2 protein chains.
Amino acid sequence: MENTQQKIELLMRCIKALTNETSRNPSKYVCYKLSRVMRKVHRYYEGNLSQYGITPSQFYVLSAVWEKDGLKFKELAKSLEMDGSTLTSILDRLERLELVERRNDPEDRRSLLVFLTEQAKQQISEMAHLAEKLDQEIKERFTEEEFATFERVLEKLSLD
Amino acid sequence: MENTQQKIELLMRCIKALTNETSRNPSKYVCYKLSRVMRKVHRYYEGNLSQYGITPSQFYVLSAVWEKDGLKFKELAKSLEMDGSTLTSILDRLERLELVERRNDPEDRRSLLVFLTEQAKQQISEMAHLAEKLDQEIKERFTEEEFATFERVLEKLSLD
DNA sequence: ATAAATTTATTGGTGCACAAACAATTGAGG
DNA sequence: CCTCAATTGTTTGTGCACCAATAAATTTAT
């Protein structure tokens, strides 16, 4: 009887530990989990993209410009949900790498338009291919349904 | 007949757009989705934790020290999977805020031990309570099974 | 038409995140 | 011992990410 009681207590402690209900460890927080995983995946992309001399964030910007060449700075920032000042600094680096070009908007002198350089146009599809491969590697580790749920939750969280 | 053909083409384009198979938009990449959501959730935590004058990362460090007071710098960095130099700068700020204290390790003069201050001990449980509330708000938006799958995928990604 | 409000991109400042170089200390092998 | 290798934490440098303040241009209101 006592033995049973002890077993029950042990099991309850296990459950609490597993569900992190009373733990003080930060790994119980959604935000912490997200940032940890994001950093890990980011480093993985980073290590692979480094052969092109660019970072993941720079790659996202290039992809967005690739999708719509010559779009406005403002639209670019909006589509990437990125603060304008962050985009400014990324464009500075991409321009120094001669992958991107800023041109004046003939219709609004406050605004500016962003274009890929010829060099970037030649490289970007190869970069995208690499990124897709990395994605595939990640997805392979899960069932389709599992990963679909994962992405659905991400999608829902990115709204609001 | 032609009409049917057109419909099929339209539907196929829809499916491609939905599955992002051929899209150049960066939002198709797992890494991009992760970082976007992470930033969003991070900002949400940040806005709430700001009443205590700390950032999410600082909160994670405080929580980890709260869990095990006086642990070694090295162990702390390892448990948070955080680069040593990052932890150094966070501890600098937490020490300036008088929430944390660095002490020499009597057993190894290279090593140092990290402690919460009295002030931090008084505040940390309230902070943790807030963070749990924020987590709860996020989880409420999904079914239990959905979120469990989400966390399981995160967990699996954070390994290896 | 002109002053005021709004929009657009940049700058400056803070706080991560990480790699590389470094100084101090400890451990191991000769 | 004593040198050489390994470990520990900090510093330095780069790249985001975001806020607040700014300057230039445009729009609105009067």
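The following exchange discusses a predicted model of two protein chains with two DNA strands.

Colleague: How many residues does each chain give to the contact between chain A and chain B, and what area is buried there?

Modeller: The area buried between the chains is about 5,700 Å², and carbon and sulfur atoms give 63% of that area. As for residues, the contact takes 52 from chain A and 52 from chain B.

Colleague: What rotation superposes chain A on chain B?

Modeller: Chain A is superposed on chain B with an RMSD of 0.1 Å and 0.0 Å of shift along the axis, the rotation being 180°. This is the relation of a two-fold axis.

Colleague: Why can it be said that the copies meet through the same surface?

Modeller: The reasoning compares the interface residues of chain A with those of chain B. Because 100% of the interface residues of chain A are also interface residues in chain B, the copies meet through the same surface.

Colleague: Which residue of chain A comes closest to the rotation axis?

Modeller: The distance concerned is taken at the C-alpha atom, and its value is 2.4 Å. The residue of chain A at that distance is F150(A).

Colleague: How many salt bridges are counted between chain A and chain B?

Modeller: One salt bridge joins the side chains of E81(B) and K40(A), with 3.1 Å from N to O. Polar contacts across this interface are found for 26 residue pairs, both residues at pLDDT 80 or more. The count of salt bridges between chain A and chain B is 11.

Colleague: Which helix of chain A gives the most to the side that touches chain B?

Modeller: Helix 2 (30-49), helix 3, helix 6 (118-139) and helix 7 (144-158) of chain A each supply at least two residues of that side. The greatest contribution is 14 residues, and it comes from helix 2 of chain A.

Colleague: How do the residues on the side of chain A that touches chain B divide by class?

Modeller: Three classes are distinguished on that side of chain A: nonpolar, polar and charged. The residues divide into 26 nonpolar, eight polar and 18 charged.

Colleague: Turning to the DNA, which part of strand D, sugar and phosphate or bases, supplies most of its atoms within 4 Å of the protein?

Modeller: Individual contacts reach both parts of the strand. A polar side-chain atom of S57(A) lies 3.3 Å from a phosphate oxygen of DNA strand D, while a polar side-chain atom of S85(A) lies 2.6 Å from a base nitrogen of that strand. Of the strand D atoms within 4 Å of the protein, 77% belong to sugar or phosphate.

Colleague: Which helix supplies the largest share of the surface near DNA strand D?

Modeller: Both chains take part, since T55(A), Q58(A), S85(A), R43(B) and T88(B) come nearest of the 23 residues around DNA strand D. By class, this surface has four nonpolar, nine polar and 10 charged residues. Its largest share, four residues, comes from helix 5 of chain A.

Colleague: Which base atom of DNA strand C lies 3.0 Å from a polar side-chain atom of R110(A)?

Modeller: Other contacts reach the phosphates of strand C: a polar side-chain atom of R93(B) lies 3.0 Å from a phosphate oxygen, and a backbone N or O atom of R109(B) lies 3.0 Å from a phosphate oxygen. The side chain of R110(A), by contrast, has its polar atom 3.0 Å from a base oxygen.

Colleague: Which helix gives the largest share of the surface near DNA strand C?

Modeller: The residues of this surface divide into four nonpolar, nine polar and 10 charged. Four residues form the largest share, and they come from helix 5 of chain B.

Terms used:
Residues are numbered from 1 along each chain as its sequence is written. Chains are lettered from A and ligands numbered from 1 in the order in which they are written. This is a predicted model: local features need pLDDT of at least 70, side-chain atom pairs count only at pLDDT 80 or more; totals for chains, interfaces and linings use all residues. Side-chain values use heavy atoms; hydrogens and water are left out. A residue is near a molecule or strand if one of its heavy atoms lies within 4 Å of it. A polar contact is a pair of N or O atoms within 3.5 Å; within protein, one must be able to donate a hydrogen and the other to accept it, and residues adjacent in sequence count only if both atoms are side-chain atoms. Ala, Val, Leu, Ile, Met, Phe, Trp, Tyr, Cys and Pro count as nonpolar, Asp, Glu, Lys and Arg as charged, and the others, Gly among them, as polar. Contact means heavy atoms within 4.5 Å. Buried area is the accessible area (1.4 Å probe) that two parts lose on being put together, summed over both. A salt bridge is a side-chain nitrogen of Lys or Arg within 4 Å of a carboxyl oxygen of Asp or Glu. Copies are superposed by least squares on the C-alpha atoms of residues with pLDDT of at least 70 in both.
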